[in-house]
Amino acid sequence: MVITYHGEGCFRVQVGDVVIVTDPVDNRLKADILLKTEWDSKKQVFPPVELEISGPGEYEAKEIEILGIPLEAKGGVIHSVYAVRTDDLRLAFFGNADKISDPASLSKLGPIDIAFVPATLAKQVKILEPKIIIPSFAKNAKSAAESFGGKSEVQEKLVIKAKDLPQATKIIILKN
């Protein structure tokens, strides 16, 4: 699995021949699966994608299992978190949510190996005890590390397999 960061909440995850993109800021990244953690009927859709997922529910595409759980709804916008199971790893994408209305709902995600989290949810996401936290929506690497209260490591991209997961939670900041 190869993970790269493209700013704000946009990540590109490549697993074999399948590319998953989350919350793109423009249409330059091509994806087989597009995850939108924020759904608003007035926002533009960036084609072409084979499969776009926006909103809560259970999905399966290209042998990848995806579970969407609502985090909050405000002003007609629904924020969802996605648990993605692929390549023997379980990922959680929190997008740009600034709070979790029902923290107990996080238990539905199951065990998480890698969590992609905005700084606003740093404390709430720690209950999941992910092996790796990758901050999003941070001003810089220093502020990201401070938000999550731990020592961090800065990388261009993350190349990882399940066997390479750390024993304790590690914060990895990806450059964009």
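Visitor: In this predicted model, what makes Lys142 and Glu146 exposed residues of helix H2, and on which side do they lie?

Guide: A residue counts as exposed when its relative accessible area is over 50%, and Lys142 and Glu146 fall into that class, on the other side of H2 from its buried residues, which are Ala144, Ala145 and Phe148. Those three cover an arc of only 95° around the axis, and therefore they sit on the same side of H2.

Visitor: What do the buried residues of H2 pack against?

Guide: With contact taken as heavy atoms within 4.5 Å, they pack against helix H1 (122-125) and the strands S11 (114-118), S12 (132-136), S13 (152-155) and S15 (170-174). Just after H2, Gly149 adopts a positive phi of about 60°.

Visitor: Why is Val25 called partly exposed?

Guide: Buried would require under 20% relative accessible area and exposed over 50%; the relative accessibility of Val25 is 39%, so Val25 counts as partly exposed. Val25 is found in the loop between strand S3 (18-22) and strand S4 (31-36), and its C-alpha is 8.3 Å from that of Gly9, although the two are 16 residues apart in sequence.

Visitor: Gly9 also lines the second largest cavity; how many nonpolar, polar and charged residues does that lining have?

Guide: The lining has four nonpolar, four polar and no charged residues. Gly9, Thr22, Gly95 and Ser136 are in the lining together with Phe11, Phe93, Phe94 and Phe116; because Phe counts as nonpolar and Gly as polar, the two glycines fall on the polar side of that tally. About 30 Å³ of space lies in this cavity.

Terms used
Residues are numbered from 1 along each chain as its sequence is written. This is a predicted model: local features need pLDDT of at least 70, side-chain atom pairs count only at pLDDT 80 or more; totals for chains, interfaces and linings use all residues. Side-chain values use heavy atoms; hydrogens and water are left out. On a 1 Å grid over the protein atoms alone, a cavity is a set of points where a 1.4 Å probe fits but cannot get out, and a pocket is an open set with protein on both sides within 12 Å along at least five of seven lines; lining residues have an atom within 4 Å of a point. Grid points are joined across faces, edges and corners, and a volume is the space filled by probe spheres set on the points. Buried means under 20% relative accessible area, exposed over 50%, partly exposed in between (1.4 Å probe, protein chains only). Helices (H or I, at least four residues) and strands (E, at least two) are DSSP runs, numbered from the N terminus. The arc is that of the directions from the helix axis to the C-beta atoms.
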